[in-house]
Structure formats: structure tokens, C-alpha cells
Amino acid sequence: MLADDHGRIATDLRVSLTDRCNLRCSYCMPPEGLDWLPKPELLTDDEIVRLVRIGVADLGITEVRFTGGEPLLRRGLPDLVARTAALAPRPEISLTTNAIGLARLAAPLAAAGLDRVNVSLDTLDAATFRRLAHRDRLADVLRGLAAARAAGLAPVKVNAVLMRGVNDHEAVPLLRYCLDHGYRLRFIEQMPLDAQHGWQRAGMVTAEEILDRLGAAFALTPDAGDERGSAPAESFLVDGGPARVGVIGSVTRPFCGACDRVRLTADGQIRNCLFATEESDLRAALRGGASDAELAERWRAAVRGKRPGHGIDDPGFLQPARPMSAIGG
Ligand code: SAM
Ligand code: SF4
């Protein structure tokens, strides 16, 4: 098992497949992009499958989520999904994506064994999309979402980050759109993980504010059936249900005490937290000839020292050196 010194057990592995992206969401990276990792530093498919196999077979990982950067940019993704689905015991397999290209890939991914997708959608307005993501791709995202639903990748979840003065007036329209299309919407508070280090707590649209805005148009009641557990979203029934909306107060309502996640970056580093300042280099060990047992032990040690909380409110808080796109969101 991947246990830490605070009694938590990591069972949910987030695997970043690339740090590259075809969007430039301003809460994530600058318009000019970043210096991408050189190809030789990226784990190969075989290396990823080996590490995921160790996670699943020896370390109690039960869920694997592929992310990035934009994971759909990784060539051969359906094959990677199929190889993950063939592992024993078979993990749940999901994908976090901006959905550009999903119109083409949703069916092959579902056929390969993908169970679910989370799609990022912050606005329904093409001009706001261009402003926020610096690319004119809203129509592709909406097409990708529809394809995910058609391919049976249910429930299709939508993640939205609201930014003050940019898209914070869209909480209600976004929820309406998702309810109309059968997508499950979750709002995520903006975290200090942008490459530009522009995040400011005072500028953040908080969970409370989001609930206030939604409350003006919908009756929200706490979802009694929802056991928050390790799932970070607080869930609410909309107008009595069964429709729901989630609010992830990562900053103001942290769920670190119930966190069950561990991350593998595209260049083979284990991170025990989004906000970790240290990483454990599995790639060097793996390429240096380490056995499965040695890799598993290194991985266990990396998780053991996980800090109790993200510490964003601590006076000495330091944003991690790597941005969200390189860590794997
Ligand atoms: N490119 C894919 C996507 O956008 O879904 C996967 C990677 S992205 C880094 C994963 C998730 O992190 C997205 O839902 C995105 O909205 C979220 N994200 C990125 N930067 C964030 C930030 N500073 N605060 C909160 N969420 C953020
Ligand atoms: Fe790309 Fe996802 Fe970051 Fe947006 S949030 S720039 S889609 S990696």
C-alpha cells in the first residue's frame, strides 16, 4: 500500500502523459507557452505501463487518470489505455482533457477501455474562450463533449474554473448548459499553480461566491447521498435533484485530510501532492535497471512523507516550481 505518516492511503494515480498543450488557459500557462520537456526525458509507453502495473499490482492503486498538459496530444493514447485496461487487477481508467480532438478519439478510447472523462469548459462564449485560452477552439470542445457522451463515457464530468472579470458571470449559464446536455458540472477554485505566478488569493472566486451565484437561479440542497470521502467536490442537488452540481473548494475548503492521490509526471517523477516541493525520480531508477520491488519501495517512500495539507494559507507558502501543466492536473 501507499500509506503516508498521516494515515492516508493513496489509491488514485494521476499520470501526466505530456506537459504540452494546444490551449493556453491563463490560470495554467502564459500565452507564449512554456519550454516543453525534451522527448528523451518523457517516459515511453512501455515505461508508463510498467510503472502503472507496479502501482496496480503491488501498491494498491485502483484508479488511473491520464492527464497532462493535454493527454489527447499523446500519440497512441488508445493503445496506452488498452494496455492499462489489461492490467490485473484492472483499474478504473479516466481522462482529464480539454476535449480538443475528443470528437475523433472518444469512440476508440471507449473501445480501448476508458471508463470516464472530465472535460474542462470554462465558458460558453467564443470570445471569452479566446480571451481565456488564447485559442479559438470552443466549438471543438463542445463537439468533443458531445462525442464523449455518445461514446458512453459516462458520467461526463465538466470542470470549470471561474476567474474574476473574465468568466465569473457564467456560473449559471454553464450549469444550465450542463444540465441540458446531461453533463455533471463541477466548479474548481483557482489554485496557485499557474506558470506565471499570477494567482492572488484576493482575486480568487471562492466556493462560497460560486454557491451564492448559483443559489440566485437554482435551489441547491446538500446531496445527502454524497459522501465526500476522498472525492473533493461537495455535491448539491439542483432544484431537488436528481441533477447535481459540484463545488471544489480546493483553497477555502481543503480536503487534504481525505486525499488519496499520488501523481506521476510525464518525466517520471512521483509527486505526493500538487503542492509538493519535492519529487522522487522513478525514471532515473527505472532507466538505471531497478527491479519492480526497488521501484515500488522508492514509490512507497515518496508517499510516506506527504505533508498533511497544502499550506496555501501558511505565511511561508511557496508555490511549487512546476506549474499545473507539468505536474499533471
Ligand atoms: N489539459 C487538460 C484539461 O485542461 O483538462 C488536463 C490538464 S489540466 C492542468 C487539468 C485540470 O486542471 C483542468 O480542469 C484545469 O481547469 C485545471 N487547472 C489548471 N490550472 C489550474 C489552477 N491554477 N487552478 C485550478 N485548476 C486548474
Ligand atoms: Fe492546457 Fe489544460 Fe492547462 Fe488549459 S488547463 S492550458 S487545457 S493543460
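Biologist: Where does Asp 239 lie?
Modeller: Asp 239 is in the loop between strand 10 and strand 11, where helices (DSSP runs of H or I, at least four residues) and strands (runs of E, at least two) are numbered from the N terminus. This is a predicted model, in which local features need pLDDT of at least 70 and side-chain atom pairs count only at pLDDT 80 or more, while totals for chains, interfaces and linings use all residues. Residues are numbered from 1 along each chain as its sequence is written, chains are lettered from A and ligands numbered from 1 in the order in which they are written, and side-chain values use heavy atoms, with hydrogens and water left out.

Biologist: What is the phi of Asp 239?
Modeller: Asp 239 has a positive phi of about 50 degrees, although it is not a glycine. Most residues other than glycine have a negative phi, and most peptide bonds are trans. Asp 239 is also partly exposed, at a relative accessible area of 48%, given that buried means under 20%, exposed means over 50% and partly exposed is in between, with a 1.4 Å probe and protein chains only.

Biologist: Which other residue that isn't glycine has a positive phi?
Modeller: His 197 is one, with phi near 55 degrees. His 197 sits in the loop between strand 8 and helix 7 (207-215), and at 46% relative accessibility it counts as partly exposed.

Biologist: And which peptide bonds are cis?
Modeller: The bond from Ala 154 to Pro 155 is cis, with omega near -5 degrees, and Pro 155 belongs to the loop between helix 5 and strand 7 (157-160). The bond from Gly 241 to Pro 242 is cis as well, with omega near 5 degrees, and Pro 242 is in the loop between strand 10 and strand 11, the loop that also holds Asp 239.

Biologist: Switching to ligand 1, how many residues surround it?
Modeller: There are 17 residues around ligand 1, and the closest are Tyr 27, Gly 69, Glu 70, Ser 120 and Met 191; a residue is taken as near if one of its heavy atoms lies within 4 Å. By class, that shell has five nonpolar, 10 polar and two charged residues, where Ala, Val, Leu, Ile, Met, Phe, Trp, Tyr, Cys and Pro count as nonpolar, Asp, Glu, Lys and Arg as charged, and the others, Gly among them, as polar.

Biologist: Which polar atoms lie by the oxygen and nitrogen atoms of ligand 1?
Modeller: A polar backbone atom of Thr 97 is 3.2 Å from an oxygen atom of ligand 1, and a polar side-chain atom of Asn 159 is 3.3 Å from an oxygen atom of the ligand. A backbone N or O atom of Met 191 lies 2.8 Å from a nitrogen atom of ligand 1. Taken alone, ligand 1 exposes 540 Å², and the protein buries 95% of that, with areas from the Shrake-Rupley method and a 1.4 Å probe.

Biologist: What surrounds ligand 2?
Modeller: Its surroundings are Cys 21, Leu 23, Arg 24, Cys 25, Tyr 27, Cys 28, Met 29, Gly 69 and Asn 98, which divide into six nonpolar, two polar and one charged. Leu 23 is in the loop between strand 3 (12-16) and helix 1 (45-58), and this leucine is buried at a relative accessible area of 4%.

Biologist: How many disulfides does a search of the whole structure find?
Modeller: The search finds zero, a disulfide being a pair of cysteine sulfur atoms within 2.5 Å.

Biologist: Why no bond for Cys 178?
Modeller: Because the closest cysteine sulfur, in Cys 25, is 16 Å from the sulfur of Cys 178, which is too far for a bond. Cys 178 is buried at 1% relative accessible area, and Cys 25 is buried at 15%.

Biologist: How many aromatic pairs are there?
Modeller: The count comes to two. Tyr 177 and Tyr 183 form a tilted pair, 6.4 Å centre to centre with 50 degrees between the planes, under a rule in which rings of Phe, Tyr and Trp (its six-membered ring) pair if their centres lie within 6.5 Å, with planes under 30 degrees apart counted as stacked, over 60 as edge-to-face and the rest as tilted. Both Tyr 177 and Tyr 183 are buried.

Biologist: Last one: what joins the side chains of Asp 223 and Arg 244?
Modeller: A polar contact of 2.5 Å joins them, meaning a pair of N or O atoms within 3.5 Å, where within protein one must be able to donate a hydrogen and the other to accept it, and residues adjacent in sequence count only if both atoms are side-chain atoms. Asp 223 is in the loop between strand 9 (220-222) and strand 10 (234-238), and this aspartate is buried, with a relative accessible area of 9%.
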